[in-house]
Amino acid sequence: MVSGPSNDKLFMFGGSGPQGKTKYGDLWMYSMKDGKWTRIHESNAELATARDQHGVAVAGNRMILFGGRTEKGPTNDVLSLRLDTFDWEVLFAHSDDYGPRPRGGASVNLSTCGRYLYIFGGWGVQDRCVWEFDLEEREWVKRSPQLPP
């Protein structure tokens with residue numbers, strides 16, 4: 001869950017049912033002003049596969065989503081949702097050969113300039129490295145070797 005750019009709305013995407021067996025791919029918005037949840041029907045919703053254990057951050061008017069567990073297993077994709085039009089865009093498609101290993105439960109953060117997405121840790125990975133994703137160039141960089149224990 002993340003707050004929107006104006007800080008008067010919260011956005012929640014996906015999640016799972018009991019015991020994590022069912023994955024959800026729906027988007028909800030909570031209005032702080034009205035105290036109500038609204039289901040958002042985003043265009044091209046098929047790009048954002050149902051998942052849980054993903055990470056999200058807000059960059060300007062976009063919600064950036066990283067990884068998580070889908071019905072097919074963990075992923076390392078990066079998606080962007082425009083919070084004014086609710087259009088999804090794939091910034092990085094799942095890959096087993098490039099970028100951080102697919103994972104759920106990673107710590108996700110955004111640089112103060114809003115250009116770089118940082119991830120660390122997560123389920124099912126042994127590396128303890130910080131990965132940086134450039135949202136403009138759409139490239140991954142491994143920013144740290146193994147961190148001290």
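This report describes strand pairing in a predicted model, taking two open sheets and one hairpin in turn.

## The sheet β1 to β4

Four strands make up an open sheet in the order β1-β2-β3-β4, and their pairing is antiparallel. The edges of this sheet are taken by β1 (2-3) and β4 (36-40), each of which pairs on one side only.

At the β1 edge, two bridges connect β1 with strand β2 (residues 9-16), the two running antiparallel, and within this pairing Ser3 is found opposite Leu10 of β2.

## The hairpin of β5 and β6

Strand β5 (residues 55-59) has four of its five residues buried, so the strand is largely enclosed by the rest of the structure. Its pairing with strand β6 (residues 62-70) is antiparallel and extends over five bridges, with Ala57 having Ile64 of β6 as its bridge partner. Two residues lie between the strands of this hairpin, where Gly60 adopts a positive phi near 65°.

## The sheet β9 to β12

A further open sheet of four strands follows the order β9-β10-β11-β12, again with antiparallel pairing. Because β9 (107-110) and β12 (139-142) stand at its edges with a single partner strand each, one side of each is left without a neighbour in the sheet. From one strand to the next, the twist averages 25°.

The partner of the edge strand β12 is strand β11 (residues 130-134), which runs antiparallel to β12 and is joined to β12 by four bridges; in this pairing, Asp134 has Glu139 of β12 as its bridge partner.

Technical notes:
Residues are numbered from 1 along each chain as its sequence is written. This is a predicted model: local features need pLDDT of at least 70, side-chain atom pairs count only at pLDDT 80 or more; totals for chains, interfaces and linings use all residues. Side-chain values use heavy atoms; hydrogens and water are left out. Buried means under 20% relative accessible area, exposed over 50%, partly exposed in between (1.4 Å probe, protein chains only). Two strands pair if DSSP finds at least two bridges between them. Axes are lines fitted to C-alpha atoms, for helices over the stretch in contact, and angles run from 0 to 180 degrees between N-to-C directions.
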